[in-house]
Each structure stands twice: as C-alpha cells, then as structure tokens.
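User: Could you walk me through this protein? I would like to go through it piece by piece, with short answers I can check against the model.

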Amino acid sequence: MANQTLASRATTTTTPKHRKLSDDHHSLLPGLPDHIAQLCLSLISPSALYSVCRSWRRLIYTVTFPPFRSLYTLSLPTTAAVDGGQMVKVFSFDPISSKWITVKSLPLPPYLRHLSLRHPSFMSRNFSIQSVSVSGNLVLIAATAVHRSLPVPAFPHPLIFNPLSNTWSSCPPLSAPRRWCAAGALQDTVVVASGIGSHYSETVARSVEKWVVRKSESFDQKIQSLTHLKLENESFDEKIQSLNHLKLKNESFDENPDGYCEKIQSLNNLKQKSESLDENPYGKWEKMQSLKQSKLCREAIDAVGWKGKLCMVNVKGDYAKEGFVYNLDSDEWAEMPVGMLGGWRGPTAAMDEETMYVVDESRGVLRRYNEDGDKWSEVVVDERLKGAEYIAAGGGRVCVVGEKGVGIVVVDVVAEPPRLWVVETPPGHDVLGLHILPRMCLPELKSPVTLLESK
C-alpha cells in the first residue's frame, strides 16, 4: 500500500521545470483556438490585458494584434556638442508600461551619425532635423552635416522607419538633397517644398515635390528582390525561347498548347517587372507646379496636414509672418485665412488631419482652430506650455515639448475639462522631434504561436 501511495504521488507531482513548461504552453483562452481567442481579446483595452497575465501582455506587442499609439522622439545626448557630428537616437515611449525604449533597429543608417545642430556661420539659429509621420511611418526628410567646415545636406535621400517591422529603409531621392525645407504629410503622401541644399538655388527654392507612400514594406528589400529578377533576365529569354519551341512542336501534333501559353505569359510578366528596375524601383518624387516666389526657403518649416490641405507659415515663433495653404488635389497655393494666421503663434499640429491645435509659446496657451468662425478657441492654459518647440497630436492627446527640464506635456483634449500630465523625456537626452506612431513590434513576437513558444 505504501508503495502504491508513493507511486500515486510520483505520477501527480511535477518538477518545477515540467510545471514551467506546462504553464508556458497554455492557450490564450482555454477551449478556444489562439486565432479566435485573439479576435476576442482585441476588443479589450491593451492596458487591461497588460495587467492580467504574461501571455496576454506579450500578445499586445505582436504583429497580428492591433497596435496602440506610442510617443516617439528624435533625441541627442544632453551633453553633446551641438557644433559637431552627433549620433541621433530614436526613442519610443510605451504608454502601457510607462517606459522609454531605444529603437535599436539595424542596420542603422550611417547618415544619422554625423548631424550638426549649429555652425559658426549661423550663430543665431539651430539647425533642424525635419521629419514627418505618414501612414504609420516616420520619415526623415532633411538635416545638416558639416563637410570641410561647410554645412551640407546630411541625407542623400530621405529615410523611412517602420515601427511595426522595426526597420529603416531608403526613400526615393529628392531632385536635390536639402538642409532644410517646408515638409508635411497628407494621408499617405509626403510633400516637400522649397528649401536650401549645399548652396542657394532658385530652382530648389521654388520647387514642390510629392511622394506617395503606398506600402509599408521595406524599399531596400524590394530593390534586392527586383535586382535578383534583373540578374535572371537572360534566363527568362532562354526559358521563353524554349517554351516557344515546345509550343510549336506540340501544335504540329495537334495538341493543346494553352499550358505553354500561360507559362510564356508568366515569364514575360516577370521579365517586364525586372526591366522596370531601371525606371522606377521603389516609386519616385513627382514634381508639382513650382512656387511663384521663394519665401519658404528661409528656414525649416513644418507644414500641417488639415482637411486635404497643407498649412504653413514662413517664420517660426511669435513673430509677424506670412501664411500659405497648399491644396494637394488641385496643386494650387492660396493665402492663409486671416484668423488662422493671426493665431499661429507657435508649434502647430492636426488631430487626424481634422482638428488643428496650436501652442502660443509666449503665453503658454493651447488653442483649437474653428474653421467656421476663422478663429482659435482656448483649450487650456499652463505655465509648462511656455517656450513650446515641438508638438504632436493623435488619439485624443496633444503632446508638447517645451523648455528644457519641463518634460513632455500631454493634454487629453477629449476629456472635459481637459486633463494634463507630464512625461519625462528620455533620460540624458534632449528632444529634437516628436511624433505619435503605432507601437513597435519586436521581431520575435510575430504571432500568438511564437509568443507562447518563446517564453
């Protein structure tokens, strides 16, 4: 009997290693396949899922789970010398875990290692790193580097970062690289107007170009794939010739040649696709109607996408300025409405390209634009909004970077009255750009299956 009891205990008692293995392979929801369970869990707030269990916590960071919004910054070390080549870092703030994550996607574009923010010839200004968010991606448009003591464009072509795949890729090159310009985004289109290259050029200063980001795939991977097809071009010709010979041979025996026709057409399609590599491998910038004047080339300008138009002013800060509105569909420019221009007294952003917000950097006031009355209405007043430099809007929040030491001020503009709190900036770094994009997905978390097996 004693032996039977010991045997019974032996069969029911599990070692810690076996217990851990068993726990790690449980389903997301008992009794349901993982793909069905994920559909159910996707209806629940990610913040609620995060606090329940480890498998659900990991689920919200997979590719297949609907991504929540995160805050992204372009940053430089606080102690960095602004007049030399510096390494720019991208940080992501996870609102669920309240942690900053350093974007460590590889390979890191080498152009991010040699940026300059100041030059002796421009004592009164700092150089900007111009970036826009489009279709859930971060696009770096223009920045300044120093070559032989002279300021030059830092990027030979714009760069795009996809948070979901955690990859950098090369964008199509502009007609001329820029040190600064007017840049903005509307839906899936990036627009660049005017600007300065290595030196002033009237052609560049009056130019307008647009680029449609049709897919979030890696353009570098696409080039590699098309290059492989190009190398196979000769084999396409040989295969087509061979199939044509077989087709003629079969026709002489009154056999059905349809199968060969389909194969020949398929190979011809691949051949044409490979030949397109020389013409348009990853899209291109399309030239639009030139500007009538070059007033937008004086400094880096953020164009705000709003209701199918791009709105911008020619001078930053609370100064007298001129305002312009660009209609992307009609490719036409117009003067900014008087009321909109009068209230444009600091960094400006639009929520989902529908509602425009501005921070009066001198008075510390966040305002919302009312199109019907062509006026700005006050949302909230706070001392921490004074000296605002960067702004981003999305998901019902307006995020503002103000004076050093204040942090990132977050305003919930949906709440009544508006709620306000502060997120500390990345430790040891100053913010040079601010964006709201989908949260990152780590490569190892590609699906519910891998997340359960990788623990």
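**Strands, turns and one buried arginine**

Analyst: Happy to! In strand S8 (residues 159-162), Leu159 and Phe161 point one way while Ile160 and Asn162 point the other way, and all are buried. Please keep in mind that this is a predicted model.

User: Which residue in S8 does Leu138 stand opposite?

Analyst: Start with the pairing: strand S5 (residues 137-142) and S8 are antiparallel and share three bridges. Within S8, Phe161 points the same way as Leu159. The residue that Leu138 stands opposite is Phe161.

User: And in S9, which residue does Ile160 stand opposite?

Analyst: S8 also pairs with strand S9 (residues 167-170), again in the antiparallel sense, through four bridges. Ile160 is buried and points the other way from Leu159 and Phe161. Its opposite number in S9 is Ser169.

User: Which residue in the turn of the S8 and S9 hairpin has a positive phi?

Analyst: The hairpin leaves four residues between the two strands. Most residues other than glycine have a negative phi, so a positive value is worth a look. Here phi is about 55 degrees, and the residue is Asn166.

User: Let's move to the open sheet. Which strands are its edge strands?

Analyst: This sheet has five strands with mixed pairing, in the order S13-S12-S11-S10-S14. An edge strand here pairs on one side only, and that description fits strand S13 (286-287) and strand S14 (301-302).

User: Do strand S10 and S14 run parallel or antiparallel?

Analyst: Strands of a sheet pair through backbone hydrogen bonds, and either sense can occur. Strand S10 (residues 180-186) is joined to S14 by two bridges. Across this pair, Ala183 stands opposite Asp302. The two strands run parallel.

User: Is Gln187 buried or exposed?

Analyst: Gln187 lies in the loop between S10 and strand S11 (189-196). Its phi is positive, near 55 degrees. Because its relative accessibility is 63% and the cut-off is over 50%, Gln187 counts as exposed.

User: What is the relative accessible area of Lys307?

Analyst: Lys307 sits in the loop between strand S15 (304-306) and strand S16 (309-313). Its phi is also positive, near 50 degrees. Lys307 is partly exposed, and its relative accessible area is 38%.

User: Which proline follows the cis peptide bond from Glu416?

Analyst: Most peptide bonds are trans, so a cis one is good to note. The bond from Glu416 has omega near 0 degrees. It leads into the loop between strand S25 (408-412) and strand S26 (419-423), where we find Pro417.

User: Now for Arg439. Which residue offers its backbone oxygen to the side chain of Arg439?

Analyst: Arg439 belongs to the loop between strand S27 (429-438) and helix H11 (448-453). Leaving aside neighbours within four places in sequence, Arg439 is in contact with several residues, including Tyr61, Phe65, Pro163 and Leu164. At 2.7 Å, its side chain reaches the backbone oxygen of Thr62.

User: How far from Arg439 is the nearest side chain of opposite charge?

Analyst: Arg439 is buried yet has no salt bridge. A salt bridge would need a distance within 4 Å. The nearest side chain of opposite charge is Asp94, at 7.6 Å.

User: To finish, what share of the residues in the whole protein is buried?

Analyst: The protein has 11 helices and 27 strands. It exposes about 23900 Å², with carbon and sulfur atoms supplying 52% of that. Of its 455 residues, the buried share is 46%.

Notes: Residues numbered from 1 in each chain as written. Predicted model: local features only at pLDDT ≥ 70, side-chain atom pairs only at ≥ 80, totals over all residues. Heavy atoms only, no water. Buried < 20%, exposed > 50% of the residue type's maximum accessible area, 1.4 Å probe, protein only. Pairing = 2+ DSSP bridges. Areas by Shrake-Rupley, 256 points an atom, 1.4 Å probe, with all protein chains shown as cover. Lys, Arg positive; Asp, Glu negative; His and termini not counted. Polar contact = N/O pair within 3.5 Å; in protein donor to acceptor, adjacent residues only side chain to side chain. Contact = heavy atoms within 4.5 Å.
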